[in-house]
Each structure stands twice: as C-alpha cells, then as structure tokens.
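Grab a coffee and open the viewer: here are a few exercises to work through. Try each task before you read its solution.

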Amino acid sequence: MATIADIAHAAGVSKSTVSRSFTRPDSVNAETRERILAVAADLGYRPAPAKAETTGTIALFIPDIANPYYPPLVKSIQAACQRQSLSLIVVDGEDDPEADAEELERVIGRVDGAIVFAPRLDAGRLRALDAVAPVVLINHVTEGLPSVILSAPEGARQAIEHLAALGHRAIAYLASREDNYSSRVRLAAAEEAADHLGVTLRVLTHAEPTYAAGVRGADLVLAEPVTAVIAHNDLMAFGCMNRLIDRGVEVGKEVSVVGFDDIWLASASRPTLTTVTTPYERGGAVALRMLTERIGDPDRPASTVHLSGDLVVRGSTGPAPAQLD
C-alpha cells in the first residue's frame, strides 16, 4: 500500500505538504493539491479521516489484548491519561502488519496522537501515520520517531549471566519472529552476553510468541544437548515448561527455564517462573509524556528512552545438572 512518502516523491513535494492536502486542504495551493490527489488516486492511497484541531483523546495500539502482557501496560497509560484529563482509545490489533496498519490509518485522524506498540510494522507506515498525528512507539525504533524501549536488552544479558553463574554452558533460545523488533534486540543482547561468557546459545525457533509455540519448542529443546532455555516471553516459557514436565523433565533441576515480561502468572505457576520484569508503570508514563510534548511541539526532536527490567529469580532455574552431584 502507498504511503505519504511515496506520494510526496511522485508528486515532487514534501511529506508535510501531502499530509496538509488531506488534513488542512485550504493551506495548500489548489494546483499543488490537485496534483497530489491525482497521484494519491493513481497509487491507491486511502487517507485517514480528517479530525478537529484537538480532541482531548489519544489512541493506544496493542497487537493482542488477549495476551496477558498488555493489560498492565494499558492500565498504566490509562492512569497517566486520567491524571492529565485525557481520554484513551485502545485499539486491538491482529498481529498482522498489513491489517494493523490499515486499522491505525482509520483511527489516527480522529485523535490528537497515538502510542503505538506494533513491533512488526515497517518504518514507512509508521512515518505516514506520524504525518497525520504525532506518534510515539513502544518497543520499536524508527528514525525520526520517539520511542520507549521496555526491558531490553539489559534483561537478556541478566538472563544469560544468571544461567552462566549456575553452571549452564549450553542454552537453548526460543525466539519470536524475525520481523519482531523486541525479539531481534533481546536475541542480539543474549548472543553478545553468551559470547562474552563463553556460553553456547542455540537458537531453536523464530516463531509466534504464543503458548503453543513454546510447547513445540520444548520438543526441540529435548533434542539438543542443553541444560537451560530462554524464551522470548512468558507465554512461550509456560508452554515449554509444561511440555517438559509432561515428558518427565523436572524443570529447575534437569532443565532451567527463563521467560520475559513477568506477567502475573509467572509467580502462580508451578514451578514459579524466573523471568525479566517489564517496567509497565514508568513506561506508560514516559510514553504519554513524550506524546503530549510532541503534540504541543510537532517539531520537537525525536528521542529513544530505554527502561530496563530486572531478572526475578524463582523456581524454574537452578544449578546445571552436572553441579548437583
């Protein structure tokens, strides 16, 4: 699908001129606007609906509201909005880049700005959204757009260091999709830490970040000479852990398992899950502050804020089996 950048290039104008042609048509020369509209029609571009100057409303886009990772983030941003007397629209995605981009394009013209958690969305689509209303990204980095990174890559380094200190020298890694920004960052940090500590890291999957993917990953783990597993998120860790238990493996003694996010189930599972926390409350507040600053000053330079989570050690990790004798 065509973006504002594509139209600007074809029409020989700036992206801001293209954006204003749709959102504030009176501010663009009639001849220029007609040329832009003709190019947009030829490229099949569908503009977002125009909005009033201010609405007092922002949008929060998340990939999957059914994933227990997201409700604490929604709650933290909603609380921050309430403190500033702002209304919040939560937009639930489908974890499909094309469908998610289309949904965001329908919403962006109706709000003052958006906090977007869409780690698989490409830079062109994100910049096109930002040309209509200010955007702040979570767990994604795109040049020219502000972003907040939660619990990466420091958490991945801590996970490797923890397992290495317990004597684990061969560790399996269950990664999410390769087009997922968070997955790439966490994996890169884990590989760097493993290399520094002389640990072998075996990447066994690049899968959807689900419980079922963790179940499938567990069988791959058992086919490898490893004593520990790091999963991209807690859902994958639970799937892996439960499948290992079903196959008679004592998690925390025979094989250690580490997750990411510290969702509430992490402390309720048996064994309890060693995992990296996510700084939800601080992250939500920082993302909203960055967005309101950009709404007030659209030309404000973009910045990236990294907020580290910490490893919480629980029952799913222990000394490598060779050190138990």
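**Loops, a helix pair and a pocket**

Ser85 sits in the loop that runs between H4 and strand S2 (87-92). Keep in mind that this is a predicted model.

**Exercise 1.** Work out what the sign of phi is at Ser85.

*Solution.* Start with the residue type: Ser85 is not a glycine. Now read off the torsion: phi is positive all the same, at about 55°.

**Exercise 2.** Find out how H4 and H11 are oriented to each other, and which residues meet.

*Solution.* Step one, the geometry: H4 (residues 70-83) packs on H11 (residues 280-296) at an angle of about 50°, and the axes are 8 Å apart. Step two, the class: that angle falls outside the range under 35 degrees for roughly parallel and the 65 to 115 range for roughly perpendicular, so H4 and H11 are oblique to each other. Step three, the hand: their crossing is right-handed. Step four, the contacts: from H4 come Pro72, Leu73, Ser76, Ile77, Ala80, Cys81 and Arg83, which meet Tyr280, Glu281, Gly284, Ala285 and Leu288 of H11. Sorted by class, these contact residues are eight nonpolar, two polar and two charged.

**Exercise 3.** Describe the second largest pocket and its lining.

*Solution.* First its volume, which is about 320 Å³. Next the lining: 20 residues, with Asn67, Tyr70, Asn180, Pro209 and Asn233 closest to the centre. By class, the lining splits into seven nonpolar, seven polar and six charged residues.

**Exercise 4.** Decide whether the peptide bond from Arg270 to Pro271 is cis or trans.

*Solution.* Locate Pro271 in the loop between strand S9 (256-261) and strand S10 (274-277). Then check omega: it is near -5°, and the bond from Arg270 to Pro271 is cis.

Definitions and conventions:
Residues are numbered from 1 along each chain as its sequence is written. This is a predicted model: local features need pLDDT of at least 70, side-chain atom pairs count only at pLDDT 80 or more; totals for chains, interfaces and linings use all residues. Side-chain values use heavy atoms; hydrogens and water are left out. Axes are lines fitted to C-alpha atoms, for helices over the stretch in contact, and angles run from 0 to 180 degrees between N-to-C directions. Helices (H or I, at least four residues) and strands (E, at least two) are DSSP runs, numbered from the N terminus. Angles under 35 degrees count as roughly parallel, over 145 as roughly antiparallel, 65 to 115 as roughly perpendicular and the rest as oblique. A crossing is left-handed if the near helix is turned anticlockwise from the far one by less than a right angle, and right-handed if clockwise. Contact means heavy atoms within 4.5 Å. Ala, Val, Leu, Ile, Met, Phe, Trp, Tyr, Cys and Pro count as nonpolar, Asp, Glu, Lys and Arg as charged, and the others, Gly among them, as polar. On a 1 Å grid over the protein atoms alone, a cavity is a set of points where a 1.4 Å probe fits but cannot get out, and a pocket is an open set with protein on both sides within 12 Å along at least five of seven lines; lining residues have an atom within 4 Å of a point. Grid points are joined across faces, edges and corners, and a volume is the space filled by probe spheres set on the points.
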